[in-house]
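Hi,

Here is the structure I promised to pass on. Have a look at it first, and then read on for what turned up when I went through it.

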Amino acid sequence: SSLSQNQTLAAFGGATQSATEAKWGGKSAYFNGGASRLEASGAGLAFGTGDFVVEFWMYYTGTASQYNIFDTRVSGGNGFLLYKSSEEDRLRIFAGGPILTSGSVSQDAWHHIAIARNSGTLRLYVDGSQSGASYSSSEDFTDEGFVLGRYTVAYIDDLRITKGSSRLYTGATIPVPTAAFPDGPMSAPTSLAATAGNAQVSLTWTA
């Protein structure tokens, strides 16, 4: 099941909202480098050994020495880090060592980023395409939380974390969202109708 609830993120070091760049809704989170970051904590945020998807939109400006974009190593436990160095416009995932590397990711443009683990296979996607090879990942990511945007000079919008098998990315390509994610749990479908058939029933509804 997904984390079907909103999570509280605490802002530090000047992390703020900005209307300068936004993918959806007119504002995004802005990180100005250094200690600027958002943090979340709680037992529900430990990824463990199971399946998960972390996805968001990012617009980076290319002015920081290193971007620790999404880091689950917050209290000394086991976790992973998505980062970018100033030496190249590529993203890397680090979990005890570099394990996945993306292709080129241009600055001053919005990119959809997704990190997905399914049945022990970890993948990194940029703008709907898998970047490089997949990685066999059975690590137990034990830390109960994450840090978003430390050392990063960028705008980040529409972060969503899914745990379990309700929304998995497994192929070479994935659908890129064309609208903002729902704010909180989606409501139940309406106008449900059932039509009886021969040993079957047809269902229709409004999402």
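Let me start with one residue: in which loop does D51 lie? D51 sits in the loop that runs between β4 (37-41) and β5 (52-60). Bear in mind throughout that this is a predicted model.

**Around D51**

If you ignore residues up to four places away in sequence, D51 touches R117, N118, S119, G120, T162, K163, G164 and L168. One of these contacts can be pinned down to atoms: a polar atom of the D51 side chain lies 2.8 Å from the backbone nitrogen of S119. For a sense of scale, G26 is 25 residues from D51 along the chain, and the C-alpha atoms of the two are separated by 32 Å.

S119 is worth a click for its backbone as well. It isn't a glycine, yet S119 has a positive phi of about 50°. You'll find S119 in the loop between β10 and β11 (121-126), and S119 is exposed, with a relative accessible area of 63%.

D108 is another non-glycine residue with a positive phi, here about 55°. D108 belongs to the loop between β9 and β10 (111-118). Is D108 buried or partly exposed? With a relative accessible area of 43%, D108 counts as partly exposed, since the partly exposed class runs between 20% and 50%.

**The sheet**

Next, the strands. Seven of them make an open sheet, in the order β1-β4-β14-β6-β7-β8-β9, and the pairing is antiparallel. At the edges are β1 (10-12) and β9 (98-101), each of which pairs on one side only. From one strand to the next, the twist averages 25°.

If you zoom in on the β1 edge, you'll see β1 and β4 running antiparallel, joined by three bridges. F12 is the residue that stands opposite R37 in β4.

**The cores**

What does the largest nonpolar core look like, and which residues have the most contacts inside it? This core has 36 residues, and those with the most contacts within it are M58, F70, F80, L82, L91, I93 and I115. The strand that gives the most to this core is β5, with five residues. There is also a second, separate core of six residues, which includes V53, A114, A116 and Y169. As a general point, nonpolar side chains in soluble globular proteins tend to be buried together.

L82 is a handy place to centre your view. Leaving out neighbours within four places in sequence, the contacts of L82 include F56, Y67, I69, F70, L91, I93, I113, I115 and L124. N68 and R92 are in contact with L82 too.

**Aromatic rings**

The count of aromatic pairs comes to 13. Take Y60 and Y67: their ring centres are 5.5 Å apart and their planes stand at 75°, so this pair is edge-to-face. Y60 and Y67 are both buried.

Y125 and Y169 also make an edge-to-face pair, with 6.1 Å from centre to centre and 75° between the planes. Y125 is in strand β11, whereas Y169 is in the loop between β15 (153-163) and β16 (190-196), so the pair ties together parts that are 44 residues apart in sequence. Y125 and Y169 are buried as well.

Finally, have a look at F47, F52, F70, F80, F141 and F146, which ring pairs link into a cluster. You'll recognise F70 and F80 from the list of residues with the most contacts in the largest core.

Cheers

Technical notes. Residues are numbered from 1 along each chain as its sequence is written. This is a predicted model: local features need pLDDT of at least 70, side-chain atom pairs count only at pLDDT 80 or more; totals for chains, interfaces and linings use all residues. Side-chain values use heavy atoms; hydrogens and water are left out. Helices (H or I, at least four residues) and strands (E, at least two) are DSSP runs, numbered from the N terminus. Contact means heavy atoms within 4.5 Å. A polar contact is a pair of N or O atoms within 3.5 Å; within protein, one must be able to donate a hydrogen and the other to accept it, and residues adjacent in sequence count only if both atoms are side-chain atoms. Two strands pair if DSSP finds at least two bridges between them. Axes are lines fitted to C-alpha atoms, for helices over the stretch in contact, and angles run from 0 to 180 degrees between N-to-C directions. A nonpolar core is a set of buried Ala, Val, Leu, Ile, Met, Phe, Trp, Tyr and Cys residues joined through side-chain atoms within 4.5 Å. Buried means under 20% relative accessible area, exposed over 50%, partly exposed in between (1.4 Å probe, protein chains only). Rings of Phe, Tyr and Trp (its six-membered ring) pair if their centres lie within 6.5 Å; planes under 30 degrees apart count as stacked, over 60 as edge-to-face and the rest as tilted.
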